[in-house]
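Q: Please give a close reading of one part of the structure shown here, with attention to its surroundings. I should also like the backbone geometry and the helix packing elsewhere in the chain to be covered.

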Amino acid sequence: MESFSFLAITFLFLLHSITTSIAQTTTAPAPAGPLNITAVLEKAGQFNTLIRLMKSTQIADQINNQLNNSNTGITIFAPTDNAFSSLPPGTLNSLTDQQKVSLIQFHVIPTLITMSQFQTVSNPLRTQAGNTNNGQFPLNVTSAGNQVNISTGVVNTTVSNSLYSDSKLAVYQVDRVLLPLAIFGSAAPAPAPGPASSKVKKKPTAAADEPTASPKDAVDASSGFRLHWIISEMWILSIVIGSFFWLHL
């Protein structure tokens, strides 16, 4: 009987520990105190590059100020470290400070959007980067069931996970960096024009060892051929006449 009671108590203790661990891993409670976007991302892990950019551009401070001092909600699309690593080498270093600000602002929507609300949003979504005109910072979102598709005009991706959600903040993981048209969508610069003469279509020229004959050269060649023919005919005629006289001597 004592052995059975011991086993029952042990089983209940293990069951409580397991359910507590599951609850902690699925709900991801908010950091204690005021909302802090970098704390949310640090708790989620794998967002070090995004955190660094948010801090260096001071956008983290702006988001925290809005979250804690206004009633306006915020939605953030958070690219993972792998998403940044997949960019062509030198992409971030090639950007100006203002372009880095615009890039991070392009991932921030100044309203709260829940997963279910993605089905009814109006495109293009307005981000903190501003202008949504084509060629600037348009962000289009479509939803099919539980899948949310995102298109910037440069890249397409999907929401792969909901990292955090409450009444003021929603953070969604994306596996590609959202590249705006205004920064990454311009066409490659055209090559510098060559000399004016290179634009004129030239007729094929003769090879270096095959000079083109001028009309005068052609006339000279024709005359020389005729003179050679006449001399040959006269030589043949002289042989025939000589032979005729020799036979009748």
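A: The account below begins with one strand and then turns to a helix pair and to the backbone of several loops.

The model is predicted, so local features need pLDDT of at least 70 and side-chain atom pairs count only at pLDDT 80 or more, whereas totals for chains, interfaces and linings use all residues. Residues are numbered from 1 along each chain as its sequence is written, and side-chain values use heavy atoms, with hydrogens and water left out.

The part in question is strand β1, residues 74-79. Helices (H or I, at least four residues) and strands (E, at least two) are DSSP runs numbered from the N terminus. Six of the six residues of β1 are buried, so the strand is largely enclosed by the rest of the structure. Buried here means under 20% relative accessible area, exposed over 50%, and partly exposed in between, with a 1.4 Å probe and protein chains only. In a regular strand the side chains alternate between the two faces of the sheet. In β1 both faces are covered: Ile74, Ile76 and Ala78 are buried on one side, and Thr75, Phe77 and Pro79 on the other.

Strands pair if DSSP finds at least two bridges between them. With β6 (residues 169-174), β1 pairs in the parallel sense over six bridges. With β2 (residues 108-109), β1 runs antiparallel and is joined by two bridges. Thr75 takes part in both pairings, with Ala170 as its bridge partner in β6 and Ile109 in β2.

Elsewhere, helices α2 (37-44) and α3 (48-56) pack at an angle of about 165°, with axes 10 Å apart. Axes are lines fitted to C-alpha atoms, for helices over the stretch in contact, and angles run from 0 to 180 degrees between N-to-C directions. Because angles over 145 degrees count as roughly antiparallel, α2 and α3 are roughly antiparallel to each other. Ile37, Thr38, Leu41 and Glu42 in α2 meet Leu50, Ile51, Met54 and Lys55 in α3, where contact means heavy atoms within 4.5 Å.

Most residues other than glycine have a negative phi, and most peptide bonds are trans. Gln46, in the loop between α2 and α3, has a positive phi of about 60° and is partly exposed, at 40% relative accessible area. Gln58, in the loop between α3 and α4 (59-69), has a positive phi of about 65° and is exposed, at 51%. The peptide bond from Asn123 to Pro124 is cis, with omega near -5°, and Pro124 lies in the loop between β2 and β3 (140-144).

Conventions:
Angles under 35 degrees count as roughly parallel, over 145 as roughly antiparallel, 65 to 115 as roughly perpendicular and the rest as oblique.
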